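Open the model in your viewer and keep the sequence panel beside it. The tour below goes stop by stop, with something to select at each one.

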Amino acid sequence: MNTTACKTYKPLSDIVEGADEFQVIAELPGVERDSIEIHFEKNELRLSAKISEERSERGNFLMHEYGVGDYERSFVLGDGIDGEAITAEFKDGVLTLRLPKRETSKARRIEIGQN
């Protein structure tokens with residue numbers, strides 16, 4: 001059993017805005033799907049993931065460039081997210097969240113009326 005505290009890292013992430021949704025893309029290398037937790041409450045999106053003990057206890061490194069540890073990250077988002085419709089996909093160490101916009105938050109074109 002690992003008795004030392006595991007380091008915690010912020011996963012590298014991108015946030016992309018589309019016409020109907022935001023996408024949050026986060027890199028979580030070495031993470032198992034079942035260890036990922038995603039919470040959305042009061043406009044805050046929180047991500048966390050745990051690395052298994054066998055992954056964090058690899059032995060004596062001769063060279064060490066890749067940090068091994070758990071992940072935590074949070075984002076404060078505006079009121080325009082439909083929290084009930086958020087979906088998540090995890091593939092090849094990359095978590096992709098789709099955060100649909102509420103209808104009232106979507107951009108719309110305003111026509112100019114005739115006088």
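Select F22 and L99 together: F22 stands opposite L99, which belongs to strand β8. The coordinates you are looking at are a predicted model.

Keep F22 on screen and add K101. What lies over the face of F22? It is K101, at 5.1 Å from the ring centre. If you want to look for pairs of aromatic rings as well, the count of aromatic pairs comes to zero.

**The strands around β8**

Now select residues 21–27, which form strand β3. Strand β3 and β8 run antiparallel and are joined by seven bridges. One place to look is Q23, which stands opposite R98 in β8.

Next, select residues 94–100 to show β8 by itself. Is β8 mostly enclosed or open to the outside? Five of its seven residues are buried, so β8 is largely enclosed by the rest of the structure.

Pick T96 within β8. Is T96 buried or exposed? Its relative accessibility is 16%, and the cut-off for buried is under 20%, so T96 counts as buried. Show what surrounds T96, leaving out neighbours within four places in sequence: the contacts are Q23, V24, I25, T87, A88 and E89.

One of those contacts, E89, stands opposite T96. Select residues 87–91 to see strand β7. Strands β7 and β8 pair in the antiparallel sense, over five bridges. They form a hairpin with two residues between the strands, and in this hairpin D92 takes a positive phi near 55°.

Go back to β3 and add residues 13–17, which are β2. Five bridges join β2 to β3, and these two strands run antiparallel. Three residues lie between them, and the two strands form a hairpin. For a pair to click on, take D14, which stands opposite I25 in β3.

Show β2, β3, β8 and β7 at once. In what order do the strands lie? The order is β2-β3-β8-β7, in an open sheet of four strands with antiparallel pairing. Strands β2 and β7 are at the edges, and each pairs on one side only. Turn the sheet to look along it: the twist averages 15° from one strand to the next.

While a sheet is in view, there is a general rule to try on it. In a regular strand the side chains alternate between the two faces of the sheet.

**The other sheet**

Hide those strands and select β1, β6, β5 and β4. These four strands form an open sheet in the order β1-β6-β5-β4, and the pairing is mixed. Residues 7–9 are β1 and residues 36–41 are β4; each of these edge strands has a single partner, so one side of each is left without a neighbour in the sheet. Here the twist averages 20° from one strand to the next.

Select residues 44–49, which are strand β5, and then add β6: the two pair in the antiparallel sense over six bridges. Within this pair, L45 stands opposite F75 in β6.

Stay in β6, which covers residues 69–76, and pick S74. How exposed is S74? With 41% relative accessibility, S74 counts as partly exposed, because that class runs between the cut-offs of 20% and 50%. Its contacts, apart from neighbours within four places in sequence, are E44, L45 and R46. Use the distance tool on the C-alpha atoms of S74 and R46: they are 4.3 Å apart in space, although the two residues are 28 apart in sequence.

**The whole chain**

Finally, show everything and colour by secondary structure. How many helices and strands does the chain have? There are one helix and eight strands. Following the sequence, the pattern is β-β-β-β-β-α-β-β-β.

Then colour by accessibility. Of the 115 residues in the chain, 23% are buried. Switch on the surface: the accessible surface comes to about 8,800 Å², and 46% of it belongs to carbon and sulfur atoms.

The last item concerns how contacts are spread along the sequence. Among contacts between residues at least 6 apart in sequence, 60% join residues at least 24 apart. The S74 stop gave a pair of this kind to look at again: S74 and R46 are 28 residues apart in sequence, and S74 is in contact with R46.

Notes: Residues are numbered from 1 along each chain as its sequence is written. This is a predicted model: local features need pLDDT of at least 70, side-chain atom pairs count only at pLDDT 80 or more; totals for chains, interfaces and linings use all residues. Side-chain values use heavy atoms; hydrogens and water are left out. Buried means under 20% relative accessible area, exposed over 50%, partly exposed in between (1.4 Å probe, protein chains only). Contact means heavy atoms within 4.5 Å. Rings of Phe, Tyr and Trp (its six-membered ring) pair if their centres lie within 6.5 Å; planes under 30 degrees apart count as stacked, over 60 as edge-to-face and the rest as tilted. A charge sits over a ring if NZ of Lys or CZ of Arg is within 6 Å of the ring centre and within 35 degrees of the ring normal. Two strands pair if DSSP finds at least two bridges between them. Axes are lines fitted to C-alpha atoms, for helices over the stretch in contact, and angles run from 0 to 180 degrees between N-to-C directions. Accessible areas come from the Shrake-Rupley method with a 1.4 Å probe; for residues, only the protein chains shown count as cover.
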